[in-house]
Each structure stands twice: as structure tokens, then as C-alpha cells.
Amino acid sequence: MTFTNPFNKQGDPERILELNRESYQKLMNIEINEPKDYDINSIRPPEDISKYVHANATILALVRNSEARQIASTIRQFEASFNSKFMYPYTFINDSPFSERFKAKVKEVSNAPMNFITIPRDLWARPSSIDAKKAEEAMKILTEKSVAYANKLSYHNMCRFYSGTFYNIPELLKFKYYWRIEPQVKFFTDIKYDVFKYLEGTQKVYGFTLSLYDIEDSVTTLWPETIKFLNSDDNYKYINPNGAFQWLLENQQNPKKAEIAGGYSTCHFWSNFEIGDMDFFRGEAYTNWFKHLDSTGKFYYERWGDAPVHSIGLGLFADKSKIHWFRDIGYEHDPYLNCPNSKNVARCKTGLFSRWDHLQDQNCMASWVDYSMADPAKIY
Ligand code: GDP
Ligand code: MN
């Protein structure tokens with residue numbers, strides 16, 4: 001099966017969308033099982049969990065006390081899908097201390113070790129260098145442009161935190177891998193292999209399930225600022241020659257987005273699900289780039305999300321063959337889904353990307369498949 005390069009696709013955005021939807025459907029309808037690029041039988045669930053040698057990894061959830069019920073719902077599914085077989089420890093993080101009620105609630109749904117961490121203020125709060133008045137002005141303007149959460153300071157803090165500081169929480173420093181989960185998401189696959197050991201064994205740095213376009217008005221200068229960074233000193237040396245450049249720059253399906261975002265497609269890995277190697281983010285390239293982004297103040301003067309920031313960082317500084325689409329993991333965070341055709345998947349309609357028709361054009365997966373991913377048949 002061959003996939004055409006969207007840069008070579010002919011037609012207006014509507015036609016391109018139609019072609020991309022077709023190739024996405026075609027791919028999602030192919031029956032898959034588990035990844036083929038690793039000896040999966042070597043990373044099966046242990047018979048005796050007490051003797052299991054884990055990868056250096058934790059399940060990570062940033063969550064508020066008020067979301068105890070919603071995160072418990074996620075964990076119930078997550079345990080059934082994966083973690084009851086492997087018992088990786090949870091790290092719950094919060095900008096305010098976790099309540100006893102919260103702790104009791106999540107302990108009800110899993111026997112895995114749990115750690116409850118209050119995030120140090122300097123990793124979370126708006127830096128004092130930010131001009132509060134200017135930030136408020138920006139919040140108003142972005143809210144008028146219907147940028148989601150633009151008027152919530154906590155959301156800006158959250159985006160900056162997940163973009164560039166979470167992996168430096170003292171209690172996380174000892175871990176290499178994390179799997180981020182969020183309240184009220186769904187897992188549909190019975191996962192019968194250790195995904196952390198899969199990343200470790202293949203030396204992949206990042207795994208995702210969904211790739212979407214972003215709200216262009218939230219990231220108007222994220223790409224131009226990135227170019228500025230790359231053009232200063234000798235920072236271009238950080239660029240990985242096998243980066244996912246085309247995916248970052250595709251402008252056919254939603255050309256207006258790329259235009260408003262200064263050339264960036266706005267395609268990103270949806271970060272409510274991510275399985276990653278924190279050492280990538282802790283590395284020199286990502287760290288220096290994040291420092292530059294942070295110095296612009298635009299986590300507050302715009303509303304840069306952690307998803308586009310992670311994605312541009314990965315697209316530029318990682319080898320794209322080390323970024324893995326966990327196509328086998330059925331997943332939903334409203335309003336989007338990853339639903340593979342697999343016998344290990346239940347309660348999920350094959351190939352359904354969204355229950356809403358008007359959101360179909362938000363799918364950026366065809367672009368990833370067409371030119372930033374290795375031959376899909378070799379991976380699944
Ligand atoms: P959305 O998925 O972009 O709509 O945003 P969410 O509301 O789901 O927030 C993303 C994640 O960050 C979720 O896990 C939230 O629980 C968490 N989160 C967002 N803001 C805060 C906050 O102010 N404090 C804490 N503790 N968690 C937050
Ligand atoms: Mn969410």
C-alpha cells in the first residue's frame with residue numbers, strides 16, 4: 001500500500017481534506033495487533049509481579065483536588081487496560097496540596113504505588129518578569145478571538161509548566177520515562193506488553209495517539225520565535241537532520257492556520273496522552289530552546305500550549321523515526337479518538353476520529369503518516 005505525499009496532492013483544502021480522510025480511513029481499517037519493530041514477547045506481563053524489574057518510569061497526572069472522581073474514572077480504565085499487569089507507580093502532581101479525600105479516592109481504584117506531590121511554586125507560578133498588565137490585555141484580546149482558556153491564568157501556568165518545567169520536579173528527576181494521563185479519558189485496548197520497555201528497547205523518545213491542528217491564534221509567533229532561536233548563536237546545530245519538518249510545515253489541509261501561525265502547520269501531538277523520555281526534554285537542545293521561548297513571555301502574552309511546544313521540539317530536535325504513533329492503543333479524550341482495528345480493542349468504533357463531523361478537518365494524522373512516519377506496514 002502506498003501513501004501519497006500531501007505536498008503533492010492536488011486541489012483546494014476541501015479536496016485535500018477528502019483525500020486525507022480517505023487515506024486515514026484506509027490505514028485505520030487495516031487490522032493490526034502489536035508493534036512489529038520489537039520482540040514484544042520479551043516484554044510481556046510478568047507471572048510474579050513482585051519480582052518484576054520495571055523500566056525507570058512513572059504514570060504522571062497533573063490534577064486538581066476537585067477532579068478526584070474524573071481521574072479515578074481514568075485510572076479504572078487505565079488499570080484494566082495496562083497497569084494492573086505491570087504495576088508502575090503513579091505520581092500525582094498539583095499546584096496545591098492534595099486532600100486526604102483525593103488520596104483516598106484514587107487509592108480505591110489501584111493498588112499500584114502512589115506518590116502525591118505539591119509542585120514547587122517556581123516551577124508553576126507566573127514568573128515575576130511577566131508584565132501583569134500586558135498579560136491581562138493579551139488575555140482579553142485572545143478571548144475575543146475565541147482562544148480556549150485564554151482568560152485563565154491557571155491554564156497559562158499549566159501550559160508553561162507542562163512545556164518546560166514538569167520534568168525538573170525533584171521527585172521526577174529519578175525517572176526517565178513518564179506516561180501522562182488526564183481526568184476522564186478512555187482507554188480501549190487490552191495492552192499486553194510493557195510500553196515503557198518498548199520505548200526503551202527501540203530507543204524511541206516519544207509516543208502519542210492523536211495528532212491535531214491547533215488554535216492558530218494561540219500560537220501566532222511560536223514558530224517565528226523558534227526560527228529566531230535557531231538563527232541565533234549556532235543553535236541550528238541542534239536541528240536533527242531527520243526531523244519531522246514536513247509535518248510541522250504542511251499547509252494544504254488548513255492553509256489559513258499555517259498562515260496565521262507564521263508557517264507552522266499547528267499540527268501537534270495531543271499531549272493529554274503522551275509516553276515520553278524526559279531526558280529528551282532535559283537535554284541541551286530542548287532546554288535552551290525552552291529558555292528562549294520562556295524569555296519572550298508569550299506563554300502569557302499569547303497562549304502557547306504545551307502540546308505544540310513539545311511537538312515542535314520533537315519535530316526539530318528528535319529523529320522522526322524515534323517518535324512512535326501508538327496506533328494499537330485505543331484512546332479517547334473528548335472530542336477525539338484513536339480507534340484501531342484490533343482484536344485487543346473493545347468499545348471503540350474503528351477509524352472514528354471524532355463523533356462530530358465539523359471536527360474532521362482537525363485531524364492531522366494523514367500528514368504524519370504520509371511523510372513523517374516510517375512505512376506503517378513495518379511498524380504494525
Ligand atoms: P484541556 O484538556 O486542554 O481541556 O485541559 P484540562 O482542563 O484537561 O487540563 C489539562 C490537565 O491539567 C488536566 O490533567 C487538568 O487536571 C490539569 N490542570 C489544568 N489546570 C490545572 C490547575 O490549575 N491545577 C492543577 N492541579 N491541575 C490543572
Ligand atoms: Mn483534558
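Asp233 is exposed, for its relative accessible area is 69%. This residue belongs to a predicted model, and Asp233 offers a convenient place to begin a walk through it. Asp233 sits in the loop between helix 8 and helix 9 (245-249). Its backbone deserves attention as well: although Asp233 is not a glycine, its phi is positive, at about 50°.

The loop between helix 8 and helix 9 also holds Ser232. Ser232 has a relative accessible area of 30% and therefore counts as partly exposed, because that class covers values between 20% and 50%. The side chain of Ser232 reaches back to the backbone oxygen of Phe229, at a distance of 3.0 Å. Another residue, Phe280, is 48 residues away from Ser232 in sequence, and the two C-alpha atoms are 22 Å apart in space.

From this loop the reader may turn to helix 8 itself, which spans residues 222-231 and contains Thr226. Is Thr226 buried or exposed? With a relative accessible area of 0%, Thr226 is buried. The side chain of Thr226 comes to 2.7 Å from the backbone oxygen of Leu222. When neighbours within four places in sequence are set aside, the contacts of Thr226 are Trp289, Leu293, Ile312 and Leu316.

Helix 8 also carries a salt bridge. Glu225 pairs with Lys228, and their closest N and O atoms are 3.3 Å apart. Both residues lie in helix 8, three residues apart, which corresponds to about one turn of the helix. Glu225 has a relative accessibility of 6% and so counts as buried, since the limit for that class is under 20%.

A second pair with this spacing is found in helix 11. The side chains of Asp279 and Arg282 meet in a salt bridge, with 3.0 Å from N to O. Because Asp279 and Arg282 are three residues apart in helix 11 (residues 278-282), about one helical turn separates them. Asp279 is partly exposed, at 37% relative accessibility. The pair also takes part in a network of salt bridges that links Lys176, Asp277, Asp279 and Arg282.

The structure holds 19 salt bridges. Which parts of the chain does the pair formed by Asp306 and Arg180 tie together? Asp306 lies in helix 14 (residues 306-317) and Arg180 in strand 4, so this pair joins parts that are 126 residues apart in sequence. The side chains of Asp306 and Arg180 meet at 2.9 Å, N to O. Both Asp306 and Arg180 are buried.

The description now passes to the bound metal. Which residues are the protein donors of the manganese ion (ligand 2)? They are Glu182, through OE, and His333, through NE2, and they lie 2.0 to 2.3 Å from the ion. Glu182 is in the loop between strand 4 (177-180) and strand 5 (186-187), whereas His333 is in strand 11 (residues 331-333), so the pair ties together parts that are 151 residues apart in sequence. Glu182 has a relative accessible area of 18% and is therefore buried.

Glu182 also takes part in the surroundings of ligand 1. An N or O atom in the side chain of Glu182 is 3.1 Å from an oxygen atom of ligand 1. The protein buries 85% of the 560 Å² that ligand 1 exposes when taken alone. Two further side chains are placed at 2.9 Å from a nitrogen atom of ligand 1: an N or O atom of Arg64, and an N or O atom of Asn94. There are 14 residues around ligand 1, and those that come nearest are Leu62, Glu67, Asp95, Tyr149 and Tyr155.

The last part of the walk returns to the backbone. The peptide bond from Asp334 to Pro335 is cis, with omega near 5°. Pro335 is located in the loop between strand 11 and strand 12 (336-338). Farther along, Arg347 lies in the loop between strand 12 and helix 15 (365-371). Phi of Arg347 is positive, near 60°, although the residue is not a glycine. With a relative accessible area of 58%, Arg347 is exposed, because values over 50% fall in that class.

Notes
Residues numbered from 1 in each chain as written. Chains lettered and ligands numbered in written order. Predicted model: local features only at pLDDT ≥ 70, side-chain atom pairs only at ≥ 80, totals over all residues. Heavy atoms only, no water. Helix = DSSP H or I, 4+ residues; strand = E, 2+ residues; numbered from the N terminus. Buried < 20%, exposed > 50% of the residue type's maximum accessible area, 1.4 Å probe, protein only. Polar contact = N/O pair within 3.5 Å; in protein donor to acceptor, adjacent residues only side chain to side chain. Contact = heavy atoms within 4.5 Å. Donors = N, O, S within 2.8 Å, 3.2 Å for Na, K, Ca; no water. Near = heavy atom within 4 Å. Areas by Shrake-Rupley, 256 points an atom, 1.4 Å probe, with all protein chains shown as cover. Salt bridge = Lys/Arg side-chain N within 4 Å of Asp/Glu carboxyl O.
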